[in-house]
Structure formats: C-alpha cells, structure tokens
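Thank you all for coming; I would like to take you through one structure this morning, beginning with a single side chain and working outwards from there. Please have a look at it first.

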Amino acid sequence: MINAAAISIDPQALLETITGVLGDKAKHIDLRLGEVTVLVSAANYSEVARTLQQAPGCQFEQLIDLCGVDYSEYRAGDWDGPRYAVVVHLLSVSLNQRVRLRVFAPDDDFPVVDSLTSVWAGANWFEREAFDLYGIVFEGHSDLRRILTDYGFIGHPFRKDFPVSGHSEMRYDPEKKRVIYQPVTIEPREITPRVIREEKYGGFTH
C-alpha cells in the first residue's frame, strides 16, 4: 500500500509553486500550521481559481468546501478591513495537496464576488448556502436562490447583526388551516456571563 503522506507535497514547496504560478495576481500567500492560504482580490478571484485548477504543480481538481465569513466583530471589533469574505478549500487528488483561497467582497453594503461554478460545478450549492446565510451574491451563478431558509425568509441568519431569535416565526393556524407567519413571540433573555471565581470561593482554595 502506498503511503499518501510520503508522496504529499511539502507545504513550503507548495507555497513556492503557487507564488510562482500566480505572481502578482495573489495579494498575499501565507503558510501557517502546515497550511497554505492564498488571498486574492475580487477582480482576480475567478482567474486565480482556474489557474489553481489547471496549472502544473497545482492541479486542484476538487473544490471540497466554500463558505462565507462575516468579519464585523473580528479581533473584538478592531477589524478595519472589508466585512464579508468567501473562503474556499481546494484539494488536488493527483498531487495529494490542499490550499485555502480567500477573497473579500469589496462592497460591504452589497457583497458580490464571481461564481466558481464554471470552474468547479460542485461550488453550486456551497455558493447558494453562502448567499442564503450571509447575503453574498455570486455573479454568474445560474440558479442563485435560498437553500436552507424558507422561500419567503427575509434577512441572512449568519450575519453577526442578525438577531438570534430572528424577526418572524411560523406556526400552524387551526382556524385558517394553514401555516402563517407572525412577529417573533420569544422574549429576549440575558445569557449568564462567564464568571471567573474568586480565590477561596465557597471556602475552597483554587
């Protein structure tokens, strides 16, 4: 049996390969904890994705994950960059290597990045999920619609300014004999804060 770890590409070698292949199309390439992350601008996003798929030494044939990220409270609110990002994880089956691709949407009010469905068809439902939960629009997606929330749902639940209880709820109305929507009836409650116990709390020394 072939040991996959023995033939896998060294992360530093992968970083150097990607750096040479992408050139100035990459804003930043980072290596941490044995993982390579490539940051690109929205303008170069789809071109870089296709290059990573096809270039010798890269050959990332498979998109294994794509998700949205809301950075609005990142670093305890000290983050001053764009609010929304899309993070993609790619796998090269033939070369046994992985890379993370990150792109920020340039407009916080209307976040838009290119769709990768023309590069990897598997991006389809992942992009629909990011659109549904974060409101990120994927330009060029042929069927961009909600995938997890209800058809009439308003808002995007994973945005950090979206209330935990939501804005509306649905229930079955026995008089109307159908499901209806109504304002949320759940009352906000305070979550018990984490308390650092004092020394000799309860008579015990910690």
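Let me start with tyrosine 71, which is buried at a relative accessible area of 10%, where buried means under 20% relative accessible area, exposed over 50%, and partly exposed in between, with a 1.4 Å probe and protein chains only. Before going on, I should say that this is a predicted model, in which local features need pLDDT of at least 70 and side-chain atom pairs count only at pLDDT 80 or more, while totals for chains, interfaces and linings use all residues. Residues are numbered from 1 along each chain as its sequence is written, and side-chain values use heavy atoms, with hydrogens and water left out.

Which ring partners does tyrosine 71 have? Rings of Phe, Tyr and Trp (for Trp, the six-membered ring) pair if their centres lie within 6.5 Å, and planes under 30 degrees apart count as stacked, over 60 as edge-to-face and the rest as tilted. With tyrosine 74, tyrosine 71 makes an edge-to-face pair, 5.2 Å centre to centre with 85° between the planes, and tyrosine 74 is partly exposed, at 36% relative accessible area. With phenylalanine 104, tyrosine 71 makes a tilted pair, 5.2 Å centre to centre and 50° between the planes. This second pair links distant parts of the chain, since tyrosine 71 lies in the loop between S3 and S4 and phenylalanine 104 in strand S5, 33 residues apart; helices (H or I, at least four residues) and strands (E, at least two) are DSSP runs, numbered from the N terminus. Phenylalanine 104 is buried as well, with a relative accessibility of 15%. Ring pairs join Tyr71, Tyr74, Trp79 and Phe104 into a cluster, and the structure holds six aromatic pairs.

Turning to the core, the largest nonpolar one has 37 residues, of which Ile18, Val38 and Tyr45 touch the most other members; such a core is a set of buried Ala, Val, Leu, Ile, Met, Phe, Trp, Tyr and Cys residues joined through side-chain atoms within 4.5 Å. Val38 is also the bridge partner, in S2, of isoleucine 29, and S2 (residues 35–40) pairs with S1 (residues 28–32) in the antiparallel sense over five bridges, where pairing requires that DSSP finds at least two bridges between the strands.

Finally, glutamate 139, in strand S7 (residues 137–139), is exposed at 53% relative accessibility, and its C-alpha atom is separated by 6.1 Å from that of valine 113, 26 residues apart along the chain.
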